[in-house]
Amino acid sequence: AASDYDRLVGPHVLGELFPGLNSVRPTLSERLPIHVANSPWVTGALPGKGYSVVGSSPVTVLVPLNRTDRVQFAFTAEHFGQDPALTTTWNGAPVALELIDGTWTTAPTHSRRGINQLVVRARPGTRLTRLTATAVP
């Protein structure tokens, strides 16, 4: 049986950038499954139907990458019509957020090869949906 590490690091999000491993161009944008129960990718969230609910602890999303260019994240966050009081970090460093047409978007930030961590802090009960990672050249 594969270990959690093998399952997480297996296929990288946003494809491979190692020249000999891909016969097709890597994708530049990919949706991450933050609402799946018992996912090894996500901790601190309660799964809902198509969304995750922030509990009492921050939501941590593990993002395996084999690229070192910049990555940007976008997601929706709703807290019963109130400000969800969001903050995010990427590999431990604070990342600015901007609300664009109802979607929260992080500033592009550099990634590293291996497992990266996106941490979202919000009011308990906040619903997170449609988390998308995008490579920024």
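User: What share of the contacts in the protein with a separation of 6 or more comes from residues 24 or more positions apart?

Analyst: In this predicted model, where residues are numbered from 1 along each chain as its sequence is written, such residues account for 72% of those contacts. A contact here means heavy atoms within 4.5 Å. A word on the ground rules: local features need pLDDT of at least 70, side-chain atom pairs count only at pLDDT 80 or more, totals for chains, interfaces and linings use all residues, and side-chain values use heavy atoms, with hydrogens and water left out.

User: How many helices and strands does the protein have, and how do you know what counts as one?

Analyst: The protein has one helix and 13 strands. Both are DSSP runs numbered from the N terminus: a helix is H or I with at least four residues, and a strand is E with at least two. Reading from the N terminus, the order is α-β-β-β-β-β-β-β-β-β-β-β-β-β.

User: Why is Ser 52 called buried or exposed?

Analyst: Let us set the value against the cut-offs. Buried means under 20% relative accessible area, exposed over 50%, and partly exposed in between, using a 1.4 Å probe and protein chains only. Ser 52 has 1% relative accessibility, so Ser 52 counts as buried. Ser 52 belongs to strand β4 (residues 52–54). Leaving aside neighbours within four places in sequence, Ser 52 is in contact with several residues, including Ile 34, Ala 45, Thr 126 and Leu 128. For the protein as a whole, buried residues make up 39% of the 137 residues.

User: Thr 126 appears among those contacts. What makes Thr 126 buried or exposed?

Analyst: Its relative accessible area is 0%, and therefore Thr 126 is buried. Thr 126 is in the loop between β12 and β13. Not counting residues up to four places away in sequence, Thr 126 touches Ser 52, Val 53, Val 54, Ala 77, Glu 78, His 79 and Pro 84. Thr 126 and Gln 82 are 44 residues apart in sequence, and their C-alpha atoms are 9.5 Å apart in space.

User: Why do Asp 101 and Asn 66 get their labels, buried or exposed?

Analyst: Asp 101 has a relative accessible area of 80%, so Asp 101 is exposed. Asp 101 lies in the loop between β9 (97–100) and β10 (103–106). Asn 66, in the loop between β5 and β6, has 13% relative accessibility and therefore counts as buried. The C-alpha atoms of Asn 66 and Ile 115 are separated by 8.9 Å, while the two residues are 49 residues apart along the chain.

User: What makes the phi of Asn 91 worth a remark?

Analyst: Asn 91 has phi near 55°, a positive value in a residue other than glycine. Most residues other than glycine have a negative phi. Asn 91 is in the loop between β7 and β8 (93–95), and with 25% relative accessibility Asn 91 counts as partly exposed. Arg 130 likewise has a positive phi, near 50°. Arg 130 is found in strand β13 and is partly exposed, with a relative accessible area of 49%.

User: How do you know that Phe 73 and Trp 90 form an aromatic pair, and which kind is it?

Analyst: Rings of Phe, Tyr and Trp (its six-membered ring) pair if their centres lie within 6.5 Å; planes under 30 degrees apart count as stacked, over 60 as edge-to-face and the rest as tilted. A search of the whole structure finds one such pair. Phe 73 and Trp 90 are 4.9 Å centre to centre with 50° between the planes, hence a tilted pair. Phe 73 is in strand β6 (residues 70–78) and Trp 90 in strand β7 (residues 87–90), 17 residues apart. Both Phe 73 and Trp 90 are buried.

User: Why is Arg 127 said to lie over the face of Tyr 51?

Analyst: A charge sits over a ring if NZ of Lys or CZ of Arg is within 6 Å of the ring centre and within 35 degrees of the ring normal. Arg 127 is at 4.2 Å from the ring centre of Tyr 51.

User: What makes a space a cavity, and how many of 30 Å³ or more are found?

Analyst: On a 1 Å grid over the protein atoms alone, a cavity is a set of points where a 1.4 Å probe fits but cannot get out, and lining residues have an atom within 4 Å of a point. The search finds one cavity of 30 Å³ or more. The largest cavity holds about 60 Å³ of space, and its lining includes Ile 34, Val 59, Phe 75 and Leu 131. The elements giving two or more residues to this lining are β5 (59–65), β12 (114–121) and β13 (127–136).

Notes: On a 1 Å grid over the protein atoms alone, a cavity is a set of points where a 1.4 Å probe fits but cannot get out, and a pocket is an open set with protein on both sides within 12 Å along at least five of seven lines; lining residues have an atom within 4 Å of a point. Grid points are joined across faces, edges and corners, and a volume is the space filled by probe spheres set on the points.
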